[in-house]
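Colleague: Could you take me through one part of this model, the annotated site and what sits around the ligands? I'm new to this, so please spell out the terms as you go.

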Amino acid sequence: MAASPKRIGIVGARGHTGAELIRLVAAHPSLELAYVSSRELDGQRVDAHVSDYQGDLRYSSPAHEDLPALDADVVVLALPNGKAAVCVQAFDAAGRDPVIVDLSADYRFDNNWYYGLPELTRNKWRGEKRISNPGCYATAMQLSIAPLKEMLAAPPVCFGVSGYSGAGTTPSDKNNPDKLRDNLMPYALTGHMHEKEASRHLGVPVEFMPHVAPHFRGLTVTTNLYLSRPHQRNDVLALFQQAYAKDPLVRVQDEAPWVSQIAGKHHAEIGGFAMSADGKRVVIVATLDNLLKGAATQAMQNINQAIGVDEYTAIPL
Ligand SMILES: NC(=O)C1=CN([C@@H]2O[C@H](COP(=O)(O)OP(=O)(O)OC[C@H]3O[C@@H](n4cnc5c(N)ncnc54)[C@H](OP(=O)(O)O)[C@@H]3O)[C@@H](O)[C@H]2O)C=CC1
Ligand SMILES: CC(=O)N[C@@H](CCC(=O)OP(=O)(O)O)C(=O)O
């Protein structure tokens, strides 16, 4: 007899990433939505906002201390940074221990949480039920640097350009289409959270310069890497192909990828591999959809791992 589906709750489900997760859960054979929370959409039908969802569920707006009683097996926190802890504490206080996947940056530096960038960390998972989902740019940077991290002569320098969905739905210059029109907006040019995150999880310092652009979704990270000894382009390309050969959500290609091709796709693309004449400098370009491999799809890989089903269940490959 097939096991009954696990119940999943999404806290902060009005947001861009929450909506993508609802879509993924709707197509998942082993998960059913227990609740989706939003203060703004409280009481409204989910199918009125997420076209791929068919069912009668409505958004609700439980207080964080009421979340444990809703009895989900898996809880995704898709809240702005700084808002996860009160929810986590509510589960602790109630003595409940569901799988909790936090999409924010709040637990990415906490050793008690599993940092789930599956292609680089799945062999470190020890059955943890507290999972911190990586940042979108941080995912692209780490995938671009990891295969070369033992060969670096200097910190890699990453130039990032994100679509404005990366800035969430709370109004700001970075998601204001008027201010973004015909524009490229630099921000946090040193010390961005994802610079610290990528440096911490790679174990090598990384330098990162983010920008936001007028397109809605998808990001590009172009990384300059100085190598400690000369390499042939084919050897670098082969290293990446080998590193991700078993990872369908990381596609290595010859050409530098274009962000226009990645919107709505679940995988990351890595390419370019432009070498300097002396073979000691390589430039690598990575693209991914910040809402998918940069957030919801990666969360689904982590959820699948945690509930014991194939990592790619319900993820279109
Ligand atoms: N957008 C992206 O590309 C990525 C985002 N992330 C991270 O994922 C998380 C969600 O991002 P995203 O979906 O873009 O964010 P949004 O701003 O689009 O959505 C945030 C959600 O949280 C709710 N919310 C907002 N403020 C509060 C509050 N003070 N208390 C409780 N609920 C609140 C909102 O609903 P309501 O106000 O109706 O309650 C909404 O459902 C963030 O931590 C973000 O940093 C990670 C990777 C990529
Ligand atoms: C364009 C834009 O603003 N992008 C966001 C990153 C989105 C993301 O991955 O968010 P968290 O690390 O906060 O989870 C930023 O730079 O803060």
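Modeller: Sure, let's start with the annotation. In the unreviewed UniProt entry, the "active site" label covers Cys136; such positions are given in the numbering used here, feature names are shortened, and annotations may be inferred rather than shown by experiment. Keep in mind that this is a predicted model, where local features need pLDDT of at least 70, side-chain atom pairs count only at pLDDT 80 or more, and totals for chains, interfaces and linings use all residues. Residues are numbered from 1 along each chain as its sequence is written, chains are lettered from A and ligands numbered from 1 in the order in which they are written, and side-chain values use heavy atoms, with hydrogens and water left out.

Cys136 belongs to helix α4, residues 136-145 (helices are DSSP runs of H or I, at least four residues, numbered from the N terminus). With a relative accessible area of 13%, Cys136 counts as buried, a word that means under 20% with a 1.4 Å probe and protein chains only.

Now for ligand 1. It has 26 residues around it, and Arg14, Thr17, Ser38, Arg39 and Leu79 are the closest; to be near, a residue needs a heavy atom within 4 Å. By class, that shell has 8 nonpolar, 14 polar and 4 charged residues. Helices α1 (16-26) and α8 (292-307) each supply at least two of the shell residues. Look at the backbone too: oxygen atoms of ligand 1 lie 2.8 Å from a polar backbone atom of Arg39 and 2.9 Å from one of Glu40. Taken on its own, ligand 1 has 880 Å² of accessible area, and the protein covers 86% of it (areas come from the Shrake-Rupley method with a 1.4 Å probe).

Over at ligand 2, the shell has 14 residues, with Arg108, Lys174, Tyr187, His192 and His194 coming nearest. Here side chains come in: a polar side-chain atom of His194 is 2.4 Å from an oxygen atom of ligand 2, and one of Lys174 is 2.6 Å from an oxygen of that ligand. Alone, ligand 2 exposes 430 Å², and the protein buries 84% of that. The shell splits into 6 nonpolar, 6 polar and 2 charged residues.

Finally, the domains. The ligand 1 shell draws at least three residues from each of domain 1 (6-134 + 295-307) and domain 2 (136-290), and the ligand 2 shell likewise takes at least three from each. Those bounds come from an automatic or database domain assignment.

Notes:
Polar contact = N/O pair within 3.5 Å; in protein donor to acceptor, adjacent residues only side chain to side chain. Nonpolar A, V, L, I, M, F, W, Y, C, P; charged D, E, K, R; others polar. Buried < 20%, exposed > 50% of the residue type's maximum accessible area, 1.4 Å probe, protein only.
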